[in-house]
Amino acid sequence: MKYLSEFREASKTILFIEKVKKIVKGKWTIMEVCGSQTHSILSSGIDELLPPNITLVHGPGCPVCVTPKEIIDTAILLSKMKDTILFTYGDMLRVPGSRESLFKAKSEGAKIKMVYSPFEVIEFAKNNPSKRCIFFGIGFETTCPSHARVILKARELNLKNFFVLLSQFRVPPAIEAILNDPFNKIQGFLAPGHVCTVMGIEEYIPISEKYKVPIVVTGFESVDLAEGIYILIEMLEKGENLTKIQYKRSCKPQGNLKAKEI
């Protein structure tokens, strides 16, 4: 598949790793922010191919992992209300709350349905006006446009039985929280390409300038990440504190203006 398979080629990945080995002199600790980046790094073996003086730290960018237990508890309580159905993504079902997960609550009779898109909830609510339909949405900036759009759609249709419970987070404050920690050792970041495809890099440039850390926006295939690491290490070796985009086939500096407007 174009724009995918060619970014998974082992030979290209190794080429960038070799370029990293040629330029690295210092000892650097860098973080990939997103869980999808982490998965690709580990599955492709990039972490084992890098020279020992480069340390990769796995970041906080998994929306499932950062969803507070209190929000999950709220979702479970809502799902047990009379004439109520809770809809959410499949990866949320087994995440534990304070006492139980949505999956356990479902097994005990709570009305919980898995969806792939929030617009499925719109259709269900239209066809079942006697049911209170609650969409439980999570995510970073990546999912915000679709969640916002479904709210606008529900308003257009004047749906009185459609509700949302959202647990949304932003990446830049998470990066700043890490950099403000007195024990922080991170010297550079690989920023998530899907988030920046929506939001652009305007919020990341001030972080690079304020904290003197380079940031590279990458895609999620092995070649993307190997090239992103090369760009990041090159900046670290030169003492540059810039925000750059490796994921140019998707991410533009200004982001997706329509998505941001929504």
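This is a guided tour of a predicted model, going from the whole chain to its two sheets, a pair of helices and two single residues.

**The whole chain**

Begin with the entire protein chain in view, where twelve helices and nine strands can be found. Its C-alpha atoms fill a box of roughly 65 × 40 × 40 Å, taken along the principal axes. Of the 262 residues in the protein chain, 47% are buried, and among the contacts with a separation of 6 or more, 81% are between residues 24 or more positions apart.

**The five-stranded sheet**

Next, select residues 28-34, which make up strand 1, and then add strand 2 (54-61) and strand 9 (243-245), together with strand 7 (188-192) and strand 8 (215-218). These five strands form an open sheet in the order 2-1-7-8-9, and the pairing in this sheet is parallel. Strand 2 and strand 9 are the edge strands, each of them pairing on one side only, and from one strand to the next the twist averages 25°.

To look at one pairing in detail, keep strand 1 and strand 2 on display, since this pair is joined in the parallel sense over six bridges. Within the pair, M31 can be picked out standing opposite V57 in strand 2. Now add residues 35-44, which form helix 2, and follow this helix as it lies across strand 1, strand 2, strand 7 and strand 8, running at about 120° to strand 1.

**The four-stranded sheet**

Move on to the other sheet, which is open and has four strands in the order 4-3-5-6, with parallel pairing. Strand 4 (112-114) and strand 6 stand at its edges with a single partner strand each, so one side of each is left without a neighbour in the sheet. Neighbouring strands here are turned by 25° against each other on average, direction ignored.

Which strands pair with strand 5? Strand 3 (residues 84-88) pairs with strand 5 in the parallel sense over five bridges, and seven bridges join strand 5 to strand 6 (residues 162-168), again with the two strands running parallel. On the side of strand 3, L86 stands opposite I134 in strand 5. On the side of strand 6, F136 stands opposite L165, while the bridge partner of I138 is S167.

With residues 132-139 selected, it is worth asking how many of the eight residues of strand 5 are buried. Seven of the eight are, so strand 5 is largely enclosed by the rest of the structure.

Two helices can then be added to this view. Helix 7 (residues 144-156) lies across strand 5 and strand 6, and its direction runs at about 160° to strand 6. Helix 6 (residues 119-127) packs on the sheet and touches strand 3, strand 4, strand 5 and strand 6, with a direction that makes about 175° with that of strand 5.

**A stop at R132**

Select R132, which lies in strand 5 and, at 30% relative accessibility, counts as partly exposed. Although R132 and N161 are 29 residues apart along the chain, their C-alpha atoms are separated by 4.9 Å. Leaving aside neighbours within four places in sequence, R132 is in contact with M81, K82, D83, T84, I85, N161 and F163.

**Helix 1 beside helix 11**

Now turn to helix 1 (residues 10-23) and helix 11 (residues 222-238), whose axes come within 8 Å and cross at roughly 15°. That angle makes helix 1 roughly parallel to helix 11, and helix 1 passes helix 11 in a left-handed crossing. To display the contact, select K12, T13, F16, I17, K19, V20 and I23 on helix 1, and S222, V223, A226, E227, I229, Y230, I233, E234 and E237 on helix 11. These residues divide into nine nonpolar, two polar and five charged.

**A last stop at V20**

Finally, stay with helix 1 and centre the view on V20, which is found in that helix. Is V20 buried or exposed? At 0% relative accessibility, V20 counts as buried. Apart from neighbours within four places in sequence, V20 is in contact with L50, P51, I54, I229, Y230 and I233. As a closing view across the model, select V20 together with M114: these two residues are 94 residues apart in sequence and 43 Å apart in space, C-alpha to C-alpha.

Note on methods
Residues numbered from 1 in each chain as written. Predicted model: local features only at pLDDT ≥ 70, side-chain atom pairs only at ≥ 80, totals over all residues. Heavy atoms only, no water. Pairing = 2+ DSSP bridges. Axes fitted to C-alpha atoms, helices over the stretch in contact; angles between N-to-C directions. Contact = heavy atoms within 4.5 Å. Parallel < 35°, antiparallel > 145°, perpendicular 65-115°, else oblique. Left-handed = near helix turned anticlockwise from the far one by under 90°. Nonpolar A, V, L, I, M, F, W, Y, C, P; charged D, E, K, R; others polar. Buried < 20%, exposed > 50% of the residue type's maximum accessible area, 1.4 Å probe, protein only.
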